[in-house]
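Open the model in your viewer and keep the selection panel at hand. The tour starts at the DNA and then turns to the salt bridges.

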2 protein chains.
Amino acid sequence: MSDLLERLRGRGWRMTAQRRVVAEVLDGDHVHLTADEVHARAAARLPEISRATVYNTLGEMVSLGEVIEVATDKRAKRYDPNAHRPHQHLVCGQCGQIRDVHPSGNPLTDLPASERFGFTISDVEVTYRGLCPSCAQAA
Amino acid sequence: MSDLLERLRGRGWRMTAQRRVVAEVLDGDHVHLTADEVHARAAARLPEISRATVYNTLGEMVSLGEVIEVATDKRAKRYDPNAHRPHQHLVCGQCGQIRDVHPSGNPLTDLPASERFGFTISDVEVTYRGLCPSCAQAA
DNA sequence: TGCTTGACTTAGACATTGTCCATTGTAGGA
DNA sequence: TCCTACAATGGACAATGTCTAAGTCAAGCA
């Protein structure tokens, strides 16, 4: 059963076939699909689902804080259902593979007050870049 | 005088009016323009410059390592001429203002081997998000 | 079960950002 | 000054995302 679906249902979300399919497609660990990939997978189960619905649904899940937008790739946004646990990302520069990772420290404390320019900081995103084992071997 | 321009010239870059204008527009601290903004500012000085040239020129400066692509914004890539000194970014979620910042620690050491999935990590990008003083006051 | 209603979905036009290519122009060396 | 390779142009195309008007349907209620 889909955790994500459960949480959305619990928030009084009106449930439709389209929303269910989008939530199911997006559920799991190390899942980081683009809107287009979500649409393709959703359409495999529900052929008449439209792109606009996928964008709307993803946007709503992001507003509800159940899904996170990730900009690891410089083309399309990716969607990460793992919003309940803070984590960062590790990206292979060759094949684009993405893993969720959990650094030990808190990067927030690394920014001295003198470097904050008076900003109120609420969030830190860290992206580690490199090569995955198979791409490193091929290189 | 433009530091960026100096460095590019020093690499035997063939100098044209268009490239000079792009380099001049991009020079400075805390500069993070989108390709489109670069084009607009360049066109103010050299009206017939084309979009393709701006994209090509930016792409070359990135390849040469003299300019960095930044994905703080989820729409367009931004270009940062401050490539000679490693730094991270602080972004206002309201007005989009971006500052270059220099955290004290090395975020690389925060990622334990068990969380590296065998990747060879070569780079870390950190983006601090929050509100700048004026947006925080308005909120 | 069968209405009613407002929220949801749809298709497609449109907007923005970025890439490509064939042609024309030009910087810099002989 | 002339040549030649490299650069610039502009317009078509591609990818991603947004918007709108009209149709459809989930959920509450009689």
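Which of the 19 residues around DNA strand D come nearest? Select A:Arg75, B:Thr16, B:Gln18, B:Glu48 and B:Thr53. Keep in mind that this is a predicted model.

Now show all residues of this surface. They divide into seven nonpolar, four polar and eight charged. On the DNA side, 69% of the strand D atoms within 4 Å of the protein belong to sugar or phosphate, and the rest to bases.

Next, pick the arginines. A:Arg75 places a polar side-chain atom 2.8 Å from a sugar or linking oxygen of DNA strand D. For A:Arg51, a polar side-chain atom lies 3.1 Å from a base oxygen of the strand. B:Arg14 also has one 3.2 Å from a base oxygen of DNA strand D. Color helix 4 (51–63) of chain A, then helix 2 (17–26) and helix 4 (51–63) of chain B: these elements give two or more residues each to the surface near the strand.

Move on to the salt bridges, 14 over all chains. Select A:Glu66 and A:Arg7, paired at 2.4 Å, N to O. A:Glu66 lies in the loop between helix 4 and strand 2 (68–70) of chain A and A:Arg7 in helix 1, so the pair ties together parts 59 residues apart in sequence. A:Glu66 is buried at 7% relative accessibility; A:Arg7 is partly exposed at 23%.

Finally, cross between chains. B:Arg129 meets A:Glu125 in a salt bridge, with the closest N and O atoms 2.8 Å apart. Each residue lies in strand 6 (residues 120–131) of its own chain, so the pair joins two chains. B:Arg129 counts as buried at 16%, A:Glu125 as partly exposed at 24%.

Technical notes: Residues are numbered from 1 along each chain as its sequence is written. Chains are lettered from A and ligands numbered from 1 in the order in which they are written. This is a predicted model: local features need pLDDT of at least 70, side-chain atom pairs count only at pLDDT 80 or more; totals for chains, interfaces and linings use all residues. Side-chain values use heavy atoms; hydrogens and water are left out. A residue is near a molecule or strand if one of its heavy atoms lies within 4 Å of it. A polar contact is a pair of N or O atoms within 3.5 Å; within protein, one must be able to donate a hydrogen and the other to accept it, and residues adjacent in sequence count only if both atoms are side-chain atoms. Helices (H or I, at least four residues) and strands (E, at least two) are DSSP runs, numbered from the N terminus. Ala, Val, Leu, Ile, Met, Phe, Trp, Tyr, Cys and Pro count as nonpolar, Asp, Glu, Lys and Arg as charged, and the others, Gly among them, as polar. A salt bridge is a side-chain nitrogen of Lys or Arg within 4 Å of a carboxyl oxygen of Asp or Glu. Buried means under 20% relative accessible area, exposed over 50%, partly exposed in between (1.4 Å probe, protein chains only).
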